[in-house]
Amino acid sequence: MTNRKLKFTPALCLKLSGPDNGSKAIEYTDLISTGLKLSVSSTGLRTWYWRYIFNGSKCAIRIGSFPGISVDEARSIARNYGADVDRGNDPKQLRAVQDDIPTFKDYALSTYLPYASERKRSYSDDESKLRLHLIPIFGNQKLTAITRFSIESYQSKIRNTH
């Protein structure tokens, strides 16, 4: 059996081999960052995970794929997750909350426009402005990602062109 506790480097992560006995994956552990794991599948896919204990339960959260996420990035993300746990927050739950935040387009079409159609006389104006102007700019952004600065920048562009 080979040692699966290693000091990860980009070159080493590329050399790590997956299982050859029909298993799904081999998991390697980083000696630098506690809980950081690199899972290497039989097909060669390399995936970062961070394993931790929260409220007495063993948990794991997927970080991403290597080399898309570098060794240093994976360590940084794992360190941030560790800080969340130290603050009493479960990183997996925080990610789920973040994933549940709708995009501007989803919110506009599923929540705002149905509300406006029943309560506003200017509904058709709102629908037109959303469709033609706002959704093309902000549509794919999460509501929490739209900042005051991005809105002011958009307003400034409109002022200059109109």
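## Burial and overall form

Buried residues make up 33% of the 162 residues in the protein chain, and this figure, like every other in this report, belongs to a predicted model. The surface that the protein chain exposes comes to about 11,000 Å², of which carbon and sulfur atoms supply 52%. Among the contacts in the protein chain with a separation of 6 or more, 41% join residues that are 24 or more positions apart.

The secondary structure of the protein chain consists of six helices and five strands, and these elements follow one another along the sequence in the pattern β-α-β-β-β-β-α-α-α-α-α. The protein chain is more spread out than a compact globule, because its radius of gyration is 23 Å, well over the 15 Å that the globule rule gives for 162 residues. Taken along the principal axes, the box that the C-alpha atoms of the protein chain fill is roughly 75 × 35 × 30 Å. As for charge, the protein chain carries 25 positive and 16 negative charges, and the mean positions of these two sets are 4 Å apart.

## The nonpolar cores

In soluble globular proteins, nonpolar side chains tend to be buried together. The largest nonpolar core of this model has 23 residues, and the members that touch the most other members are Phe 8, Leu 38, Trp 48 and Trp 50. Two or more residues are given to this core by each of strand S2 (25-30), strand S3 (36-41), strand S4 (46-54), strand S5 (57-66) and helix H2 (71-86), and the largest share, five residues, comes from H2. A second, separate core is made of eight residues, including Ala 108, Leu 113, Phe 138 and Ile 146.

What does Leu 38 touch, not counting residues up to four places away in sequence? The partners of Leu 38 are Phe 8, Cys 13, Leu 16, Ile 26, Glu 27, Tyr 28, Arg 46, Thr 47, Trp 48 and Phe 66. Two of these partners, Phe 8 and Trp 48, are named together with Leu 38 among the core members that touch the most others.

## Strand S2 and the loop after it

Thr 29 lies in strand S2, where it is buried, with a relative accessible area of 17%. Although Thr 29 and Arg 4 are 25 residues apart in sequence, their C-alpha atoms are 6.0 Å apart in space. Leaving aside neighbours within four places in sequence, Thr 29 is in contact with Arg 4, Lys 5, Leu 6, Phe 8, Leu 36 and Lys 37.

Ser 33 belongs to the loop between S2 and S3, and with a relative accessible area of 11% this residue is buried as well. Outside its neighbours within four places in sequence, Ser 33 is in contact with Arg 75 and Ala 78.

## Backbone features in two loops

Most residues other than glycine have a negative phi, and most peptide bonds are trans. Asn 55, which sits in the loop between S4 and S5, has a positive phi of about 50° although it is not a glycine. At 68% relative accessibility, Asn 55 counts as exposed.

The peptide bond from Phe 66 to Pro 67 is cis, with omega near 10°, and Pro 67 is placed in the loop between S5 and H2. Ile 69 lies in the loop between S5 and H2 too, and it is buried, with a relative accessible area of 17%. The contacts of Ile 69, leaving aside neighbours within four places in sequence, are with Trp 48, Ile 63, Gly 64, Ala 74 and Ile 77. Ile 69 and Ala 96 are 27 residues apart along the chain, and their C-alpha atoms are separated by 20 Å.

## Asn 80 in helix H2

Is Asn 80, a residue of helix H2, buried, exposed or partly exposed? At 46% relative accessibility, Asn 80 counts as partly exposed, since that class runs between the limits of 20% and 50%. Asn 80 and Lys 105 are 25 residues apart in sequence, and from C-alpha to C-alpha they are 30 Å apart in space.

How values were computed:
Residues numbered from 1 in each chain as written. Predicted model: local features only at pLDDT ≥ 70, side-chain atom pairs only at ≥ 80, totals over all residues. Heavy atoms only, no water. Core = buried A, V, L, I, M, F, W, Y, C linked by side-chain atoms within 4.5 Å. Buried < 20%, exposed > 50% of the residue type's maximum accessible area, 1.4 Å probe, protein only. Helix = DSSP H or I, 4+ residues; strand = E, 2+ residues; numbered from the N terminus. Contact = heavy atoms within 4.5 Å. Rg over C-alpha atoms; globule rule 2.2 N^0.38 Å. Areas by Shrake-Rupley, 256 points an atom, 1.4 Å probe, with all protein chains shown as cover. Lys, Arg positive; Asp, Glu negative; His and termini not counted. Charge placed at Lys NZ, Arg CZ, Asp CG, Glu CD.
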